[in-house]
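Visitor: I'm new to this one, and I'd like a close look at a single part before anything else. Could you start with one residue and then walk me outward from there?

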Amino acid sequence: MATTSTDSVLGGVVVATALPYREDPSAPAGLAVDLDRYAEHCAWLVDSGCDGVGPNGSLGEYSSLTDEERRAVARTAIEAVAGRGKVIVGVHGVGSHLAARWAEAAAEDGADGVLCLPPTMYRANEGEVVAHFEAVAAVGLPVMVYNNPFDTKVDLTPALLKEIAQIDNIRAVKEFSGDVRRVLEIKEQAPELDVISGADDVVLESLLMGATGWFAGFPNVFPAESARLFELARAGKLEEARALYEPLVAAFRWDSRTEFVQAIKLGMEMVGRFGGPCRPPRGPLVPAFREQVTADMRRAIDALAALGGEGQQA
């Protein structure tokens with residue numbers, strides 16, 4: 001039986017970190033990972049009130065990195081927060097042999113836990129999904145399984161999570177189906193698991209239903225305000241939480257769209273951070289999307305200014 005998480009080792013606001021690049025003709029696609037800038041970003045997120053960082057997720061463009069880059073990114077995040085925040089490393093792989101290898105590397109490097117999708121690039125059946133997570137969990141780190149049925153074509157339903165929750169070291173699920181009804185159903189079917197909101201645009205609803213964490217995208221842009229939103233929601237201060245959430249949610253919706261990495265990097269630029277380009281297959285935002293992201297971000301920035309938000313720049 002998996003251990004019940006009483007200390008929410010995988011909970012809180014953990015930021016799925018965006019990855020900065022610098023131009024380098026010798027690097028893949030002419031873009032080299034800027035580890036110094038990445039370290040500064042991870043430290044800034046924790047210093048701004050977030051509980052930790054999540055390197056090598058989809059937002060971190062893990063699938064566009066070489067193996068050497070991917071290991072270096074995880075190590076940089078771990079060193080940057082230096083015990084001041086948790087580091088949950090993405091260990092996604094096409095098969096359990098690769099995901100477990102990444103989990104072993106994360107354990108060697110000092111990660112606090114791992115985030116793991118079902119097998120990528122293959123629509124695994126339920127038995128294969130369970131075997132995949134068994135192999136990753138056997139490494140020994142706390143595991144957050146990741147339900148993203150849009151990208152993997154595999155839905156970690158509450159019934160399937162009930163079975164997965166019996167695996168030792170499986171501690172949480174990052175829920176990205178967008179169906180807020182799942183929170184209570186998962187808690188009923190698999191009470192051993194922490195339910196972590198994985199989609200920014202249903203985070204308040206999920207937290208009010210009992211989610212204990214937020215594995216988040218837009219806190220790359222608004223870390224202090226996101227930490228405050230999480231605190232208000234967990235405290236049941238609904239009126240204050242809604243006042244903060246409602247002007248942000250239009251921007252947050254981009255976290256659930258195909259162009260979420262580009263949108264979040266543009267948002268970072270708009271508040272004075274470095275966002276920068278993405279590696280292929282991601283290209284720049286088309287003009288119409290860039291205009292809409294800019295408008296949604298402008299509304300959020302102006303609303304935070306009116307609420308007295310700190311640190312946001314035009």
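Guide: Sure, and one bit of vocabulary comes first: a residue is called buried if its relative accessible area is under 20%. A106 has a relative accessibility of 4%, so A106 counts as buried. Keep in mind as we go that this is a predicted model.

So where is A106? Look for helix α3, which runs over residues 96–109, and you'll find A106 in there. Leaving aside residues up to four places away in sequence, A106 touches V89, A111, V114 and L141. For a sense of scale, pick out L304 as well: A106 and L304 are 198 residues apart in sequence, and their C-alpha atoms are 37 Å apart in space.

Now let's wander out to the helices that meet each other. Take α1 (residues 35–47) and α2 (residues 67–81): their axes come within 8 Å and cross at roughly 45°. That angle is why α1 and α2 are described as oblique to each other. On the α1 side, the contact is made by L35, Y38, A39, C42, A43 and V46, while α2 brings A72, V73, T76, A77, A80 and V81. Sorted by class, that contact has 11 nonpolar residues, one polar and no charged ones. The crossing of α1 past α2 is right-handed.

There's another pair to visit further along. The axes of α12 (residues 260–270) and α13 (residues 287–307) come within 10 Å, crossing at roughly 50°. So α12 is oblique to α13. Here too you can follow the handedness: α12 passes α13 in a right-handed crossing. The residues in contact are A263, L266, G267 and M270 from α12, with R290, V293, T294, M297, R298 and I301 from α13. By class, this contact of α12 with α13 has six nonpolar, two polar and two charged residues.

While you're around there, check the loop between α12 and α13, because that's the place of P281. The peptide bond leading from P280 to P281 is cis, with omega near 15°. In general, most peptide bonds are trans, and most residues other than glycine have a negative phi. That second habit has exceptions here too. A29, in the loop between β2 (21–23) and β3 (31–33), has a phi near 60°, a positive value. With a relative accessible area of 55%, A29 is exposed. K153 also has a positive phi, near 65°, and K153 lies in the loop between α5 and α6 (158–164).

Next, the rings. The count comes to six aromatic pairs. In one pair, F150 and F176 have ring centres 6.2 Å apart and planes at 85°, so the pair is edge-to-face. F150 belongs to helix α5 (residues 149–152) and F176 to the loop between β8 (170–175) and α7 (181–189), so this pair links distant parts of the chain, 26 residues apart. F176 is buried, at a relative accessible area of 11%, whereas F150 is partly exposed at 48%. Elsewhere, W214, F218, Y245 and F252 form one aromatic cluster.

Last stop: R181, in helix α7. With 65% relative accessibility, R181 counts as exposed. Try locating G30 from there: R181 and G30 are 151 residues apart in sequence and 44 Å apart in space, C-alpha to C-alpha.

Terms used. Residues are numbered from 1 along each chain as its sequence is written. This is a predicted model: local features need pLDDT of at least 70, side-chain atom pairs count only at pLDDT 80 or more; totals for chains, interfaces and linings use all residues. Side-chain values use heavy atoms; hydrogens and water are left out. Axes are lines fitted to C-alpha atoms, for helices over the stretch in contact, and angles run from 0 to 180 degrees between N-to-C directions. Helices (H or I, at least four residues) and strands (E, at least two) are DSSP runs, numbered from the N terminus. Angles under 35 degrees count as roughly parallel, over 145 as roughly antiparallel, 65 to 115 as roughly perpendicular and the rest as oblique. A crossing is left-handed if the near helix is turned anticlockwise from the far one by less than a right angle, and right-handed if clockwise. Contact means heavy atoms within 4.5 Å. Ala, Val, Leu, Ile, Met, Phe, Trp, Tyr, Cys and Pro count as nonpolar, Asp, Glu, Lys and Arg as charged, and the others, Gly among them, as polar. Rings of Phe, Tyr and Trp (its six-membered ring) pair if their centres lie within 6.5 Å; planes under 30 degrees apart count as stacked, over 60 as edge-to-face and the rest as tilted. Buried means under 20% relative accessible area, exposed over 50%, partly exposed in between (1.4 Å probe, protein chains only).
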